[in-house]
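Please look over the sequence and the structure shown below before reading on. The report that follows takes up charged pairs first and the chain as a whole afterwards.

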Amino acid sequence: MEYQKEKSHHEMSIDTFKHEYITDGSSKITVQLSNKGTILEKPIGRIIVKNSKDSVVFSEGYNADSIYSKTTANMVYTLDDNILWPGQYTAYYEATFAGQTISRIFDFTVTEEENQRSLENRQLAGSLQINNSFGDWLKAHMWVMYLFIFVVVLILGLLFFLIILLWKRRKEKDKKRPNISSQKA
């Protein structure tokens, strides 16, 4: 079609998204990028994965090799150094070609079970060292820390309240007690 440029057109689409774990426990993201036009495309773009707190957990740019007309490319990204903890995630995918930019947002969830299998596989592969210390357990169970803080604040509040009550009681006793110096005069 290059010799009939007036008949050629540029069109691409971001079709599907898939998150899965590979055998070593790393996350793998696959995005299908289709060339629906009539001319060869070499798109550039980026992928950004954010957690539910809107923090970026993975970001990578790409320069795709040739994607021929009417074909689909599997764009694969491996998150070797990032552990996706259980929760909701959002993946933003962008492709720029022939002066046009398209983008798509995908939502996905990592379950507790998937995360546990991933951690086990990473440990077996030797890419993750888990000490099983109290600190590791506490990081995985943050509600315990919040409960501890709540109990400490509650105890401090009760102690403060008790001190105020004892102080008022003493003042009342001092008012009821006759002043010895005024009686002698």
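## Charged pairs and overall layout

In this predicted model, the side chains of Lys 18 and Glu 20 come together in a salt bridge, with a nitrogen-to-oxygen distance of 3.6 Å. Lys 18 counts as partly exposed, because its relative accessibility is 47%, and Glu 20 likewise counts as partly exposed, because its relative accessibility is 25%.

A salt bridge is also formed by the side chains of Arg 46 and Glu 94, where the distance from N to O is 3.4 Å. Arg 46 belongs to strand 3 (residues 44-51) and Glu 94 to strand 6 (residues 87-97), so this pair ties together parts of the chain that are 48 residues apart in sequence. On the side of Arg 46, a relative accessibility of 36% means that the residue counts as partly exposed, whereas Glu 94, at 14% relative accessibility, counts as buried, because buried means under 20% relative accessible area.

The side chains of Asp 54 and Lys 50 meet in a salt bridge as well, at 3.6 Å from N to O. Here Asp 54 counts as exposed, with a relative accessibility of 55%, while Lys 50 is partly exposed, with a relative accessible area of 28%. Elsewhere, Lys 18, Glu 20 and Lys 28 are joined into one network by salt bridges that share partners. In total, the structure holds five salt bridges, among them the pairs set out in this table.

| Salt bridge | Distance, N to O |
|---|---|
| Lys 18 and Glu 20 | 3.6 Å |
| Arg 46 and Glu 94 | 3.4 Å |
| Asp 54 and Lys 50 | 3.6 Å |

As general background, side chains of opposite charge can pair when their charged atoms come close.

Another group of charged residues, made up of Arg 169, Arg 170, Lys 173 and Arg 177, forms a positive patch on the surface. Of these residues, Arg 169 lies in helix 3, which covers residues 142-176. Is Arg 169 buried or exposed? Its relative accessibility is 53%, and Arg 169 therefore counts as exposed, since the cut-off for exposed is over 50%.

The surroundings of one further residue can be followed in some detail. His 19 is part of strand 1, which covers residues 12-21, and it is buried, with a relative accessible area of 16%. Which residues does His 19 touch, not counting those up to four places away in sequence? With that exclusion, His 19 touches Ser 27, Lys 28, Ile 29, Leu 84, Phe 108 and Val 110. In addition, His 19 and Thr 30 are 11 residues apart in sequence, and their C-alpha atoms are 6.6 Å apart in space.

Turning to the protein chain as a whole, there are four helices and seven strands, and, read from the N terminus on, the elements follow the order β-β-β-β-β-β-β-α-α-α-α. The chain has 185 residues, of which buried residues make up 25%. Among the contacts in the chain with a separation of 6 or more, 60% are accounted for by residues 24 or more positions apart. The accessible surface of the protein chain comes to about 13,300 Å², and carbon and sulfur atoms hold 56% of that surface.

Definitions and conventions:
Residues are numbered from 1 along each chain as its sequence is written. This is a predicted model: local features need pLDDT of at least 70, side-chain atom pairs count only at pLDDT 80 or more; totals for chains, interfaces and linings use all residues. Side-chain values use heavy atoms; hydrogens and water are left out. Patches are made of residues with over 30% relative accessible area and no salt bridge: like charges are joined within 9 Å, nonpolar side chains (Val, Leu, Ile, Met, Phe, Trp, Tyr) within 5 Å. Accessible areas come from the Shrake-Rupley method with a 1.4 Å probe; for residues, only the protein chains shown count as cover. A salt bridge is a side-chain nitrogen of Lys or Arg within 4 Å of a carboxyl oxygen of Asp or Glu. Lys and Arg count as positive and Asp and Glu as negative; His and the chain ends are not counted. The place of a charge is taken as NZ of Lys, CZ of Arg, CG of Asp or CD of Glu. Helices (H or I, at least four residues) and strands (E, at least two) are DSSP runs, numbered from the N terminus. Buried means under 20% relative accessible area, exposed over 50%, partly exposed in between (1.4 Å probe, protein chains only). Contact means heavy atoms within 4.5 Å.
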